[in-house]
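Me: Please show me the chain and its model. I will then ask about it.

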Amino acid sequence: MANKTPCEIGIIGLGVMGRNMLLNMADHGFTVAGYDKDPNQVNSLRMEAEHRTIHDTVDIQAFVAMLRRPRAMLLLVPAGPIVDSVIQDLLPYLEQGDLIIDAGNSYFKDTDIRTSNLKTKGIQFLGIGVSGGEYGARHGPSIMPGGSKQAYDRIHEVLEAITAKVNHEPCVTYLGAGSSGHFIKMVHNGIEYAIMQLISETYDLMKRGLGLHDDQLRDVYSEWNKGELNSYLIEITSHIFAKVDDKTGKKLINAIVDVAKQNGTGMWTAKSAMELQVPVPTIDLAVTMRDLSVFVQERHASSAIYTRAIGSIKTPHKQFITELRDALYTGMIIVYAQGFALLKVASDQYQYDLSLEAIARIWRGGCIIRAALLNDICAAFHAKSDLSNLILAPNLSPKIKEYQESLRKIVSQTVEIGIPIPGLMSALGYLDALRSNWLPANLVQAQRDYFGSHHYERIDAKGEFHTEWGEK
Ligand code: 6PG
C-alpha cells in the first residue's frame, strides 16, 4: 500500500517472524512499514494484512522514506553477516538520530561492535531479544531490550503494546546497558536447551524404563503441567505425544529422527559462561547432548560393542513417576539457578546493571521458558536483589531440600539400568558440589604446583606457596 502518513516504526525482514510482528503492531494501532528485498515475502505480507493499513516495499530507500523522523526500524533477519549487510544497505539513507533495533538472536559481542560503530555515525542501535517463536511474534512475545535507555524510551510504547501480558503487566521492560538484551536472550536460550534436555530424559525414562506408550506420556506431561511444573515446554511436550502423523496415521514423534539440531545460542551461553568462569554444567551438557546425538554412526557402533539390556525399574510405576516429577522440578530450579548466576556475573563484568527480578518478571509470559516457577524466582530476587545463586533463596531452598532425595533416587536407579540421563546427573552434581563445605580442589592445587610450579594457597597462612615435591 502507498504511504500517506509517515510510519511510526518499520520492520526489515518479512519472514514469518517479521510479518507476524508487523501484523501485531498494526493490530495495536501503530502505523507500520515493512521492507524485504524478496517480493514473495512482501506479497505474503499483503495477503496476511487483509484490511489492515500496512505499508510495504521491496525498495530500501522507499522504506526509509516511509518512516517518521527520527526513524525507528526493527531488523528481523538471521543473526550474523546479514545484519551487517542490511545495516550497510540502510546507512546511505539514514540521518543522525535514527534508530536501528536488532531483534534477532545476535551474538552479544557483535551487538557491542555494531553499537559503537553506528554511534560514530550518529545512529542509535538497540539489541533486543525476542522470544516466543512465530506465535509469540503475532500474539505477544517476551521482549528483552538492552542498550541506551533513551533509545528504548523512544519505542517502549510499541514494545509494551505488542508483548505478552502477565497480570496486565507487559513482558518487556528496559533491562540494561550495552549488549545486555542479546546477552539475556542468549542465556534464555541456554536455559531453554537445558530444560528441553531434562524433559527429554524424563521421556526416555518413562518410555524405555517404564514402557509407557505415547498416550500415557501425553497424560503424564499434561498432569504435570497442572501443578508446580506448569510451563510452556511441559505443555507442548504433552501436545507432541498426542500428535498423529498425516502420512502414517501413527504418532508423529516416532517418525522423527533422534538427532537434535541447533542454531548456536546454547553453545554461546556455554562459551560465555566459561569465559566468565561461571559454572553452568546442565546448560553445557544440554549443548553436548545435541552434539552427541549427531554422531549416529558412532552411537550405533558403540551400541553393538557395549551391548547391555536396559534393566527394569524396581520402584512401583506410580511412585517412580511422582519421584521423576520431583526430580525434574528440582532440575529445573537448578537450571534457572545456573542461568541467573551467569546473568549476575555478566551484569557486573559487562556493566549491564541488570535487575534479575525484572528479567524473571518478563520471562513469566510470552517466551519459551515461561513457567510458574518464575513467580517464585521473581519473589526470590524481590526479597534479595543481589542473590548470587537461587539455590540459596529462602523461598526455593525448602523445595530443593524436599525433592533432592527424589532426584538422587532417580539418578542412582538409572545408573543401574543404563539409560543416559546426564542432564539430571549434572544438576545433582552441581547441587552436591555447591552444598559441599569441602572439595578436593586442594589436590588439584598440589598437582599444579607439583608439575608446573603454579603455587598453592594454605589454610593456615596467607600468600602463595611452592614446594619441591620430589621426583618430577
Ligand atoms: C525463542 C527461541 C527461538 C529459537 C531458538 C531455537 O525464544 O523464541 O529460543 O529463539 O527457536 O533459537 O534455537 P536452536 O535452533 O538453537 O534450538
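Me: Across which strands does helix H7 lie?
Reply: This is a predicted model, in which local features need pLDDT of at least 70, side-chain atom pairs count only at pLDDT 80 or more, and totals for chains, interfaces and linings use all residues. Residues are numbered from 1 along each chain as its sequence is written, and side-chain values use heavy atoms, with hydrogens and water left out. Helix H7, residues 149-162, runs at about 30° to S6 (axes are lines fitted to C-alpha atoms, for helices over the stretch in contact; angles run from 0 to 180 degrees between N-to-C directions). Helices (H or I, at least four residues) and strands (E, at least two) are DSSP runs numbered from the N terminus, and the strands that H7 lies across, with contact meaning heavy atoms within 4.5 Å, are S1, S4, S5, S6 and S7.

Me: Which are the edge strands of the open sheet of 7 strands?
Reply: The strand order is S3-S2-S1-S4-S5-S6-S7, with mixed pairing (two strands pair if DSSP finds at least two bridges between them). An edge strand pairs on one side only, which here holds for S3 (54-57) and S7 (142-146).

Me: In which sense do S6 and S7 pair?
Reply: Ile128 stands opposite Pro145 in S7. Strand S6, residues 124-131, is joined to S7 over 5 bridges, and the sense is antiparallel.

Me: How many disulfides does the structure hold?
Reply: A disulfide is a pair of cysteine sulfur atoms within 2.5 Å. For Cys367, the nearest cysteine sulfur, that of Cys171, is 7.4 Å away. For Cys378 the nearest is also that of Cys171, 9.9 Å away. The number of disulfides is 0.
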